[in-house]
Every structure is written in C-alpha cells, then in structure tokens.
Amino acid sequence: MGIVIFPYLLARMERRTVRFLVWVVFLSYALVDLWRAIGFMIWGSEVIAPGAYILTDPSLYVPVVMGVILTFYILLLVRLGQIEAWLRCALCNLQSCERRTKMNTGFPLDFTLGRAFRTSLFL
C-alpha cells in the first residue's frame with residue numbers, strides 16, 4: 001500500500017520539508033529488506049535468531065512499518081482537511097454570489113455544490 005500512497009503524497013505535497021519527510025519515511029521502509037540482506041552477508045548465519053528473526057533487522061527494534069502507516073495516514077488526513085476547507089470556501093463563495101445577484105435557483109444543494117466545483121476549477 002505504501003508504494004501507491006508514496007507517489008500520491010509526493011505529487012500533492014507542496015512544502016519541501018513535508019516532501020523530504022515522505023522520502024525519509026518511505027526509504028526507511030523500502031530499504032529494510034536490503035539492510036537485512038547486507039547484515040546477513042556481513043555476519044552470516046550468526047545474525048539469524050530462533051524463529052527466523054534477523055538480528056540486524058531494524059524492524060525488530062523500531063516499528064518501521066507502523067511509523068510509515070501513521071505518517072502517511074496523518075499526511076492524507078491533513079490533505080483531506082485542505083480539500084474540505086477548499087470545498088467549504090467554494091460553497092461559501094457560491095452562496096455569497098447567489099445572495100448578491102438575488103438569485104434563488106431552487107436547485108438542491110448537490111447541484112449548487114457541483115456548480116461551485118465547476119466555477120472554481122475552471123475560472
């Protein structure tokens with residue numbers, strides 16, 4: 001799942017520090033297998049503990065996968081909050097526009113919200 005969310009977050013995050021955080025978190029997750037293999041190549045079978053654990057694996061000591069999941073989840077929630085604020089702003093702009101022109105269309109909220117999408121996206 002991380003391989004799908006990673007490019008999305010890189011494409012959507014505008015601040016350089018957030019993009020750096022996404023890179024660091026994802027690379028720590030992506031390079032765990034390489035780190036295990038290097039540890040095995042250097043120290044041999046001495047690093048394999050009972051239960052097929054590799055003692056040089058950083059995931060044994062630091063919950064890397066949980067860190068990746070939580071970081072990506074928080075960043076996605078922040079992004080969702082930005083989208084929600086944008087929607088709220090678009091709806092407020094539409095309502096103030098209708099009040100100014102004294103237009104009462106009588107259409108349901110879904111239609112007016114859709115119109116707010118169209119006007120704010122293409123203008």
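This is a short walk through the helices, ring pairs, salt bridges and surface of one predicted model.

Okay, housekeeping before the fun part. Residues are numbered from 1 along each chain as its sequence is written, and side-chain values use heavy atoms, with hydrogens and water left out. As the model is predicted, local features need pLDDT of at least 70 and side-chain atom pairs count only at pLDDT 80 or more, while totals for chains, interfaces and linings use all residues.

Let's start with the aromatics. Generally, you describe a pair of aromatic rings by the distance of the centres and the angle of the planes. Here, rings of Phe, Tyr and Trp (its six-membered ring) pair if their centres lie within 6.5 Å; planes under 30 degrees apart are stacked, over 60 edge-to-face, and the rest tilted. So how many aromatic pairs does a search of the whole structure find? It finds three. One of them is Phe6 with Phe26, a stacked pair at 4.1 Å centre to centre and 15° between the planes. Phe6 sits in helix α1 (residues 2–12) and Phe26 in helix α2 (residues 16–30), so this pair ties together parts that are 20 residues apart in sequence. By helix I mean a DSSP run of H or I of at least four residues, by strand a run of E of at least two, both numbered from the N terminus.

Are those two rings buried or exposed? Buried is under 20% relative accessible area, exposed is over 50%, and partly exposed is in between (1.4 Å probe, protein chains only). Phe6 comes out at 8%, so Phe6 is buried, and Phe26 is buried too, at 9%. Phe26 also pairs with Tyr29: the centres are 6.1 Å apart and the planes are at 55°, so that pair is tilted. Phe26 and Tyr29 are three residues apart in α2, about one helical turn. Tyr29, at 35%, is partly exposed. Add Trp23, and you have one aromatic cluster of Phe6, Trp23, Phe26 and Tyr29.

Next up, helix α3. The expected span of a helix is 1.5 Å times one less than its number of residues. For the twelve residues of α3 (residues 32–43) that should be 16 Å, and the end C-alpha atoms are indeed 16 Å apart. Right after α3 comes Gly44, with a positive phi near 70°.

α3 also brings us to the charges. As a general point, side chains of opposite charge can pair when their charged atoms come close. I'm calling it a salt bridge when a side-chain nitrogen of Lys or Arg is within 4 Å of a carboxyl oxygen of Asp or Glu. The whole-structure search gives two of these. Arg36 meets Asp33 at 3.0 Å, N to O, with both residues in α3, three residues apart, about one turn of the helix. Arg36 meets Asp57 at 3.0 Å, N to O, as well. Since Arg36 is in α3 and Asp57 is in the loop between β2 (53–54) and α4, that bridge ties together parts that are 21 residues apart in sequence. Together, Asp33, Arg36 and Asp57 are linked in a network.

Look at the accessibility across that network. Asp33 is exposed at 51%, Arg36 is partly exposed at 28%, and Asp57 is buried at 8%.

Last stop, helix α4. What does Thr71, which lies in α4, touch if we leave aside its neighbours within four places in sequence? With contact meaning heavy atoms within 4.5 Å, Thr71 is in contact with Leu21 and Val25. Thr71 counts as buried, at 19%. Arg79 is in α4 too, and is buried at 16%. Under that neighbour rule, Arg79 is in contact with Tyr8, Arg12 and Met13. The C-alpha atoms of Arg79 and Leu9 are separated by 8.9 Å, and those residues are 70 apart along the chain.

And then the surface. There's a nonpolar patch made of Tyr8, Met66, Leu70, Tyr73, Ile74, Leu77, Val78, Leu80 and Ile83, with about 840 Å² of accessible area together. Patch residues have over 30% relative accessible area and no salt bridge, with like charges joined within 9 Å and nonpolar side chains (Val, Leu, Ile, Met, Phe, Trp, Tyr) within 5 Å. Areas come from the Shrake-Rupley method with a 1.4 Å probe, and for residues only the protein chains shown count as cover. Which helix gives the most to the patch? That's α4 (residues 64–101), with eight residues. Leu77, for one, lies in α4 and is partly exposed at 42%.
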